[in-house]
Amino acid sequence: MANLKFKIQNSKFRKLWIGIAILIILSPVGLILPELLKAGGAWGEWGADEVEKIAGYVPRGLKKLSELWKVPIPDYAFSGWEQGLKSYIGYIFSGIIGAALVIGVSILIGKIFAGKNGNS
Amino acid sequence: MHIPDGYLGPITYGSLWAAVIPIWIYASKKVKELLKASQVPLLALSAAFSFVIMMFNVPLPGGTTGHATGATLIAILIGPWPAVIALSIALIVQALIFGDGGITAIGANCFNMGFAGVLAGYGIYRLISKLKIKNSKFNGKNPDVKNTRQLIGAGIGAYAGINLAAFLTAVELGIQPLLHTGADGRPLYSPFPLSITIPAIMLEHLFLFGIVEAVVTVSVLLYIKKSHPELIRG
């Protein structure tokens with residue numbers, strides 16, 4: 001951790017890393033605005049039950065494939081924390097977890113690929 | 001624009017997996033050639049930015065939501081092929097951990113947003129910012145003109161890139177009823193025809209989410225031109 005802190009403080013891109021952190025903290029805006037303006041999810045990203053409401057039935061293949069995989073944090077929400085303030089806090093945690101994973105994988109891949117290209 | 005599992009039948013998701021794997025291999029080769037160790041943090045920053053900006057759902061009042069992707073912006077900052085890798089990492093984490101986009105549809109979503117959107121947006125940016133024009137008013141050798149042309153190119157590229165990604169998504173969803181129907185004649189996967197998917201997805205992207213993408217791209221670029229001017233490629 002201390003090493004990471006050192007790296008960020010001395011990074012050329014310190015301001016940009018802070019920018020990412022600010023975006024994560026502000027991310028619940030992406031939940032609150034749609035709630036205020038009564039907007040649903042994205043078009044065509046409904047669950048099987050919602051497709052049934054719109055189309056009148058659940059296509060068989062759709063139902064089967066949609067049950068293929070259970071994700072650990074569906075819709076960036078923790079179970080029991082799907083509504084109100086808790087959902088906003090959960091959203092921030094999801095942002096932290098997701099960004100950390102994305103950064104970790106990128107650094108790993110980047111290090112493997114950039115390995116031969118020297119330190120400059 | 002993140003297609004979930006179940007909306008695409010095996011022909012479509014299989015083809016798009018088959019299309020995206022050589023794209024990843026080629027992008028990896030380009031990254032190996034071009035990426036310096038000192039640029040690895042930028043790759044990570046870019047992937048994180050794409051992941052986080054997609055959490056900002058923009059509402060269409062009373063309707064649906066959409067979001068920016070950062071595809072063109074990232075291509076301008078780190079190059080188009082590293083951008084393909086950055087967007088793909090963000091999209092795969094979204095699919096595996098948060099169910100934002102399906103597992104079977106990773107090929108489709110990475111092809112639409114992570115490849116087509118990136119390359120189209122970057123291509124248009126290059127065309128507008130680099131095209132040689134003799135007329136002194138538009139000549140890129142003048143730094144002010146160059147700056148303006150970069151910003152305009154970034155905005156138009158971002159707008160076009162996200163709209164191309166949206167259009168591909170609409171077509172992929174809309175052909176499902178033609179490709180797969182059950183014994184009862186009903187669609188097996190996404191049940192909505194092209195005549196519904198194209199207007200539904202394109203109108204919202206042409207009139208709102210495309211503009212959001214352009215505004216995000218130009219604003220961040222303006223900031224980076226001040227804070228890290230060395231990052232703006234040509």
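Helices (H or I, at least four residues) and strands (E, at least two) are DSSP runs, numbered from the N terminus. This is a predicted model, in which local features need pLDDT of at least 70, side-chain atom pairs count only at pLDDT 80 or more, and totals for chains, interfaces and linings use all residues. Residues are numbered from 1 along each chain as its sequence is written, while chains are lettered from A and ligands numbered from 1 in the order in which they are written.

**Exercise 1. Place B:Ala183 in chain B and decide whether it is buried or exposed.**

Step 1. Find the segment. B:Ala183 sits in the loop between helix H7 (176-179) and helix H8 (194-227) of chain B.

Step 2. Apply the cut-offs. A residue is buried if 20 or more other C-beta atoms lie within 10 Å of its own, exposed if 12 or fewer, and partly exposed in between; C-beta atoms are placed from the backbone.

Step 3. Count. B:Ala183 has 7 C-beta neighbours inside 10 Å, so it counts as exposed.

Step 4. Take a distance. B:His205 is 22 residues from B:Ala183 in sequence, and their C-alpha atoms are 35 Å apart.

**Exercise 2. Describe the fold of chain A and the residues of H3(A) that are buried.**

Step 1. Count the elements. Chain A has 6 helices and 0 strands. Its pattern along the sequence is α-α-α-α-α-α.

Step 2. Check burial. Of its 120 residues, 29% count as buried.

Step 3. Go to H3(A). Its buried residues are A:Gly30, A:Leu31 and A:Pro34. Down the helix axis they fall within an arc of 100° (taken from the directions from the axis to the C-beta atoms), so they line one face of the helix.

Step 4. Find their partners. These buried residues pack against H6 of chain A, together with strand S1 (58-59) and strand S2 (65-66) of chain B.

Step 5. Move past the helix. A:Lys38 follows H3(A) and has a positive phi, near 55°. A:Leu37 lies in the loop between H3 and H4 of chain A. With 14 C-beta neighbours inside 10 Å, A:Leu37 counts as partly exposed. Leaving aside neighbours within four places in sequence, A:Leu37 is in contact (C-beta atoms, placed from the backbone, within 7 Å) with B:Pro59 and B:Pro61.

**Exercise 3. Work out which parts of chain A touch chain B.**

Step 1. Count both sides. 59 residues of chain A are in contact with 63 residues of chain B.

Step 2. Assign helices. H2 (14-26), H3 (29-36), H4 (48-55), H5 (60-66) and H6 (84-114) of chain A each supply at least two residues to that side of chain A. H6(A) gives the largest share, 15 residues.

Step 3. Sort by type. The side divides into 35 nonpolar (Ala, Val, Leu, Ile, Met, Phe, Trp, Tyr, Cys and Pro), 17 polar (the others, Gly among them) and 7 charged (Asp, Glu, Lys and Arg) residues.

**Exercise 4. Analyse the largest nonpolar core and the helix that gives the most to it.**

Step 1. Define the set. A nonpolar core joins buried Ala, Val, Leu, Ile, Met, Phe, Trp, Tyr and Cys residues through C-beta atoms within 7 Å.

Step 2. Size it. The largest has 101 residues; among those with the most contacts inside it are A:Val102, B:Ala48 and B:Val52. Helix H5 (residues 106-130) of chain B gives the most, with 13 residues.

Step 3. Inspect A:Val102. Beyond four places in sequence, its contacts include B:Phe51, B:Ile89 and B:Val93.

Step 4. Inspect H5(B). 20 of its 25 residues are buried, so it is largely enclosed by the rest of the structure. H5(B) bends by about 30° at B:Gly117 (the angle between axes fitted to the seven residues ending there and the seven starting there).

Methods
Contact = placed C-beta atoms within 7 Å.
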